[in-house]
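Morning, everyone. Please pull up the sequence and the model, and follow along with me.

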Amino acid sequence: MNTTASTITPISEAPKQPQQRQTAKDIIAANVKSLIEQLEAGHSDALTAYLDAMSRFHNYSFGNILEIARQRPSATRVAGLYAWNQLGRKVKKGEKGIRILAPIVGIKRKKDEEANKDITKQNTRVLVGFRNAYVFDVEQTEGAELPTLREMTGTVGENRDRLVSFIEAQGIELAFTEKIAPALGMSYGGKIAILPGQSEAEEFSTLVHELAHEMLHKAERRTTTTKVVRETEAEAIAFVIGKAVDLETGTASADYINLYHGNASLLIESLEVIQQASAVILAALQPPTAAEAEMPDAELAKVA
């Protein structure tokens, strides 16, 4: 992990003074305002391209998912020849297709006298049977890169270690495991799992996102909020903190919120909890004062 010094905008040397608390509040308010403006602007070009590409991939039945997994366990994203061609990719020469079952749909026509009684039932689509069809995994194709959502970039320096220390101080277990792939992070209620191999900016943002779930979405609140609200709140906090430590966030957070059908109005409704949680995390990322740095750990714990 890069340890280049990178700190948040200095908020205070004595955090308990009202004027310096206001400074932290201003940082949070400015970053929330920036995110609201992005959401109000609508989908970014990156998100539009991503959604357009994803719309070309079908949702397969459970049976076909098992067939795909049996024939090519490493498959991650599959589509037919036409879909790949539409995305600017070609199937590599010699690649063997993955056999699935595709439905055959026919039209059941009503007699004229019956159709006249109910015009909505003139022609009814019915399942006639199934046929073999073949799809290919992305690894079996080549050509144009698939559209991706913009990622956060930058260095986090000591903020990463301070964030991890804060998470552990809350009694939250932190684990790095590939078992959660393709998810970047997961919150289990008292435990956070992070996918290894992310860039330091992405990992930091993911840690903040999952920490926000732990702070805000415990069992009692989880039952009174929707997933859209929870994801909007968690990602808004990740955006606020990311901006505060000088990460290049671009439209990554707005795109993520849009994917969960969140919007500016929803974010505004959650402003209070977003501001409160962001303030707590920002305080945890502050470097210790000179006096605190000289204190023994046991004495510092008493002050905290």
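I'll go from the whole chain to helix packing, then to salt bridges, and end on one strand residue.

Keep in mind that this is a predicted model. The protein chain has 304 residues, and 38% of them are buried. Its secondary structure comes to 14 helices and eight strands. Now look at the contacts in the chain with a separation of 6 or more. Residues 24 or more positions apart account for 71% of those.

Next, helix packing. Find helix α12, residues 271-285, and helix α9, residues 227-244. Their axes are 10 Å apart, and the angle is about 40°. What do we call that arrangement of α9 and α12? The word is oblique, because angles under 35 degrees would count as roughly parallel, and this pair falls outside that range. The crossing of α9 and α12 is right-handed.

Which residues meet there? From α9 we have Glu233, Ala236, Ile237, Val240, Ile241 and Ala244. From α12 we have Val273, Ile274, Ala277, Ser278, Ile281, Leu282 and Leu285. Sort the residues of this contact and you get eleven nonpolar, one polar and one charged.

Stay on α12, but turn to helix α6, residues 159-169. The axes of α6 and α12 come within 8 Å and cross at roughly 120°. That makes α6 oblique to α12 as well. This crossing is also right-handed. On the α6 side, the contact uses Asn159, Arg162, Leu163 and Phe166. On the α12 side, it uses Val280, Ile281, Ala284 and Leu285. The residues of this contact divide into six nonpolar, one polar and one charged. Ile281 and Leu285 of α12 appear in the contact with α9 and again in the contact with α6.

Now salt bridges. Side chains of opposite charge can pair when their charged atoms come close. How many salt bridges are there in the whole structure? The search finds ten.

Take glutamate 139 and arginine 72. Their side chains meet in a salt bridge at 3.8 Å, N to O. Glutamate 139 sits in the loop between β4 and β5, and arginine 72 in the loop between α3 and β1, so the pair ties together parts that are 67 residues apart in sequence. Glutamate 139 is partly exposed, at 43% relative accessible area. Arginine 72 is partly exposed too, at 22%.

Next, arginine 162, a residue we met in the α6 contact with α12. It forms a salt bridge with glutamate 158, with the closest N and O atoms 2.7 Å apart. Is arginine 162 buried or exposed? It counts as buried, at 14% relative accessibility. Glutamate 158 is partly exposed, at 42%.

A further pair is aspartate 161 and arginine 160, where the closest N and O atoms are 3.9 Å apart. Aspartate 161 is partly exposed, at 46%. Arginine 160 is buried, at 16%. Elsewhere, Glu67, Arg70 and Arg99 are joined into one network by salt bridges that share partners.

Last stop: alanine 175. It lies in strand β6, residues 173-176. Where is isoleucine 192 relative to it? Along the chain, the two are 17 residues apart, while their C-alpha atoms are separated by 6.3 Å. Leave out residues up to four places away in sequence, and alanine 175 touches Lys191, Ile192, Ala193 and Ile194.

That's my tour. Thanks for listening.

Conventions. Residues are numbered from 1 along each chain as its sequence is written. This is a predicted model: local features need pLDDT of at least 70, side-chain atom pairs count only at pLDDT 80 or more; totals for chains, interfaces and linings use all residues. Side-chain values use heavy atoms; hydrogens and water are left out. Axes are lines fitted to C-alpha atoms, for helices over the stretch in contact, and angles run from 0 to 180 degrees between N-to-C directions. Helices (H or I, at least four residues) and strands (E, at least two) are DSSP runs, numbered from the N terminus. Angles under 35 degrees count as roughly parallel, over 145 as roughly antiparallel, 65 to 115 as roughly perpendicular and the rest as oblique. A crossing is left-handed if the near helix is turned anticlockwise from the far one by less than a right angle, and right-handed if clockwise. Contact means heavy atoms within 4.5 Å. Ala, Val, Leu, Ile, Met, Phe, Trp, Tyr, Cys and Pro count as nonpolar, Asp, Glu, Lys and Arg as charged, and the others, Gly among them, as polar. A salt bridge is a side-chain nitrogen of Lys or Arg within 4 Å of a carboxyl oxygen of Asp or Glu. Buried means under 20% relative accessible area, exposed over 50%, partly exposed in between (1.4 Å probe, protein chains only).
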